[in-house]
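Me: I am new to this structure. Please show it to me, and then let me ask about it.

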Amino acid sequence: HVSFLKHKAASFALLGRTDQGRKVIDHLLALVPGLTVSSLRGIEAILFGRAPVFEVRFEGLRTAGLAE
């Protein structure tokens with residue numbers, strides 16, 4: 001569920017639908033308080049390595065309102 005919400009928020013933001021992305025970020029933060037782009041980057045680097053494609057999603061999450 002959390003993984004889906006990360007992708008959904010980033011996708012909305014990258015498509016210019018920032019308001020919808022922010023709503024998804026609010027829902028995500030209700031489930032995982034304190035979640036940040038930096039914490040996701042660290043977790044995903046351990047699990048998947050550092051792939052450039054993740055940076056696009058991180059940018060979408062920042063645009064949607066997830067703190068660095």
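What follows is a short round of questions and replies.

Me: What kind of model is this?
Reply: Residues are numbered from 1 along each chain as its sequence is written, and side-chain values use heavy atoms, with hydrogens and water left out. Local features need pLDDT of at least 70, side-chain atom pairs count only at pLDDT 80 or more, and totals for chains, interfaces and linings use all residues, for the model is predicted.

Me: How do helix α3 and helix α4 run relative to each other, roughly parallel or roughly antiparallel?
Reply: Helices are DSSP runs of H or I, at least four residues, numbered from the N terminus. Helix α3 covers residues 37-48 and helix α4 covers residues 52-64; they pack at about 160°, with axes 11 Å apart. Axes are lines fitted to C-alpha atoms over the stretch in contact, and angles run from 0 to 180 degrees between N-to-C directions. Angles over 145 degrees count as roughly antiparallel and under 35 as roughly parallel, so α3 to α4 is roughly antiparallel.

Me: Which residue classes make up the contact of α3 with α4?
Reply: Contact means heavy atoms within 4.5 Å. From α3 come Val37, Leu40, Arg41, Glu44 and Phe48; from α4 come Phe54, Glu55, Arg57, Phe58, Leu61 and Arg62. Ala, Val, Leu, Ile, Met, Phe, Trp, Tyr, Cys and Pro count as nonpolar, Asp, Glu, Lys and Arg as charged, and the others, Gly among them, as polar. The residues divide into six nonpolar, no polar and five charged.

Me: Is the aromatic pair of phenylalanine 54 and phenylalanine 58 stacked, edge-to-face or tilted?
Reply: Both residues lie in helix α4, four residues apart, about one turn of the helix. Rings of Phe, Tyr and Trp (its six-membered ring) pair if their centres lie within 6.5 Å; planes under 30 degrees apart are stacked, over 60 edge-to-face, and the rest tilted. Here the centres are 6.5 Å apart and the planes 45° apart, so by those cut-offs the pair is tilted.

Me: Is lysine 6 buried or exposed?
Reply: Lysine 6 sits in helix α1, residues 2-14. Leaving out residues up to four places away in sequence, lysine 6 touches Leu28, Leu40, Glu44, Arg57 and Leu61. Buried means under 20% relative accessible area, exposed over 50%, partly exposed in between (1.4 Å probe, protein chains only). Lysine 6 has 10% relative accessibility, so it counts as buried.

Me: How far apart are the C-alpha atoms of isoleucine 25 and alanine 67?
Reply: Isoleucine 25 lies in helix α2, residues 18-31. At 2% relative accessibility, isoleucine 25 counts as buried. Alanine 67 is 42 residues away along the chain, and the C-alpha separation is 10.0 Å.

Terms used
Helices (H or I, at least four residues) and strands (E, at least two) are DSSP runs, numbered from the N terminus. Angles under 35 degrees count as roughly parallel, over 145 as roughly antiparallel, 65 to 115 as roughly perpendicular and the rest as oblique.
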